[in-house]
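Let's take a walk through this one together. Have the viewer open, and keep the sequence handy as we go.

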Amino acid sequence: MVKRLSDMPEVEAAHLRRLDCPTYDDTALLSGKPLAERRVAIISTAGLHKRGDRPFRPGDGSYRVIPAETKASELVMSHISVNFDRTGFQQDLNVVFPIDRLRELVAESAVGSMAAIHYSFMGAFPPAAAEPHARHLTGLLKADKVDAALLVPV
Amino acid sequence: MREHTEIVRPPRALWVTFELGRPLGIPDDPPFQRRVAKAALDLLARTDGPVLADYPEDVPEVTDFSGWACPISLAPSEVDSLAAEIDRLGTWYDQSMAKQGRTTVGVSGLDIPAAGALVSRALNNDLPEAQALKEAIDDLRAYYLEAASAFPDPGTATTRKKWFWDETQLAKALLALQPRLAASSDPQHKILGNLTLIPATERHRLRQ
């Protein structure tokens with residue numbers, strides 16, 4: 001889920017245009033089980049965490065864990081950027097972290113099951129700062145038998 | 001960003017046109033959100049990637065109330081203070097909490113008067129540690145905008161954000177703090193002042 005720079009106010013677009021993006025020689029893309037048999041985890045970059053967990057800091061490439069049973073009232077956002085809307089999140093967690101929608105898709109058997117734990121990064125990190133954490137996270141996802149991740153960027 | 005996604009080339013991506021910060025589109029609209037989530041998950045079946053699929057629905061513009069004026073008088077005056085403004089919003093924040101059943105305040109671990117006191121301290125040329133100040137400001141911003149959402153005529157999210165920057169003592173304080181933080185010898189203060197205090201869309205106010 002991604003937006004386009006030309007749709008944004010120029011002052012915001014100019015800042016985002018300067019960001020360095022990593023490039024890769026190829027794209028890892030594998031076929032897999034049907035969605036109805038997959039176990040799905042949500043990985044957000046909204047800088048979400050439980051109230052009392054360590055807030056995110058500039059340059060922070062680490063993640064916070066959000067157990068599936070976490071109530072919306074327990075989650076706060078400490079993303080360092082001020083250049084995106086937060087009123088949507090204030091009104092409804094699902095607009096950045098669609099945990100209830102995933103739960104419904106599982107109940108309808110459109111998705112096989114939901115991971116026991118979901119995760120949030122804080123999107124304004126240098127890619128190299130997140131890489132070791134992301135590699136560690138893939139091991140945790142495998143341990144939870146997750147075979148699909150819904151990445152929700154903010 | 002579509003442009004960044006085209007460079008990084010993740011295996012499967014869904015492009016949406018929604019406001020930044022609202023990747024699922026519309027708050028409190030489960031059917032809309034479910035369609036977006038399902039469209040993203042359905043890309044798992046594609047093996048012809050990198051896939052960058054266009055999501056077909058847009059979010060209609062919410063009409064602003066022309067001439068919307070905040071129904072609660074919060075216009076800063078010479079005798080007013082940040083602490084008084086924070087106090088006056090308390091009852092509306094409580095209304096919002098009761099209506100929503102939750103708050104997104106609570107990053108800093110401070111109560112709201114203490115968060116306001118930290119900003120006041122910074123205004124008096126005693127700059128706190130940057131991270132503590134940033135967390136207090138995040139909590140205050142959430143407190144103000146949640147409170148405003150419970151006003152008798154709350155307008156739209158856009159008008160409430162305009163109200164925040166046009167009319168509140170807190171916004172005035174943040175704009176006054178920016179040059180002091182940017183001029184600090186502490187690199188973390190500089191990051192806060194230059195990047196993470198004033199949204200890009202509001203930086204024109206610094207030149208006024």
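Here is a tour of chain B, its contacts with chain A, and one proline in chain A.

Keep in mind that what you're looking at is a predicted model. Let's get our bearings in chain B. There are eight helices and two strands in chain B, and if you trace the sequence, they come in the order α-β-α-β-α-α-α-α-α-α. Put a box around the C-alpha atoms of chain B along the principal axes and you get roughly 65 × 45 × 35 Å. Chain B has 208 residues, and 39% of them count as buried. As for how the chain meets itself, take the contacts in chain B with a separation of 6 or more: 68% of those come from residues 24 or more positions apart.

The domain assignment splits chain B into domain 1, residues 2–54, and domain 2, residues 82–207. If you take the centres over C-alpha atoms, domain 1 and domain 2 of chain B sit 32 Å apart.

Now for the strands. β1(B) pairs with strand β2 of chain B, which covers residues 51–54, and the pairing is parallel, over four bridges. For one residue pair to click on, try Leu14(B): its bridge partner in β2(B) is Ala53(B). To get from β1(B) to β2(B), the chain goes through α2(B), and this β-α-β crossover is left-handed. It's a good spot to rotate the view and follow the path yourself.

Next up is the interface. Here, 55 residues of chain B are in contact with 61 residues of chain A. Which elements of chain B give two or more residues to the side that touches chain A? They are α1 (2–8), β1 (12–15), α2 (30–42), α5 (130–148) and α6 (157–167) of chain B. The biggest giver to that side is α2(B), with eight residues, and α2(B) is also the helix we just met in the crossover. By residue type, the side of chain B that touches chain A divides into 27 nonpolar, 13 polar and 15 charged residues.

Finally, hop over to chain A and find Pro127(A), which lies in helix α4 of chain A, residues 127–143. Why does Pro127(A) count as partly exposed? Because it has 13 C-beta neighbours inside 10 Å, and the partly exposed class lies between 12 or fewer, which is exposed, and 20 or more, which is buried. Pro127(A) also has a partner to look at from elsewhere in the sequence: Pro22(A) is 105 residues away along the chain, yet the two are 7.4 Å apart in space, C-alpha to C-alpha.

Technical notes
Residues are numbered from 1 along each chain as its sequence is written. Chains are lettered from A and ligands numbered from 1 in the order in which they are written. This is a predicted model: local features need pLDDT of at least 70, side-chain atom pairs count only at pLDDT 80 or more; totals for chains, interfaces and linings use all residues. Two residues are in contact if their C-beta atoms, placed from the backbone, lie within 7 Å. Ala, Val, Leu, Ile, Met, Phe, Trp, Tyr, Cys and Pro count as nonpolar, Asp, Glu, Lys and Arg as charged, and the others, Gly among them, as polar. Domain bounds come from an automatic or database domain assignment. Two strands pair if DSSP finds at least two bridges between them. A crossover is right-handed if, with the strands pointing away from the viewer, the path from the first strand over the helix to the second runs clockwise.
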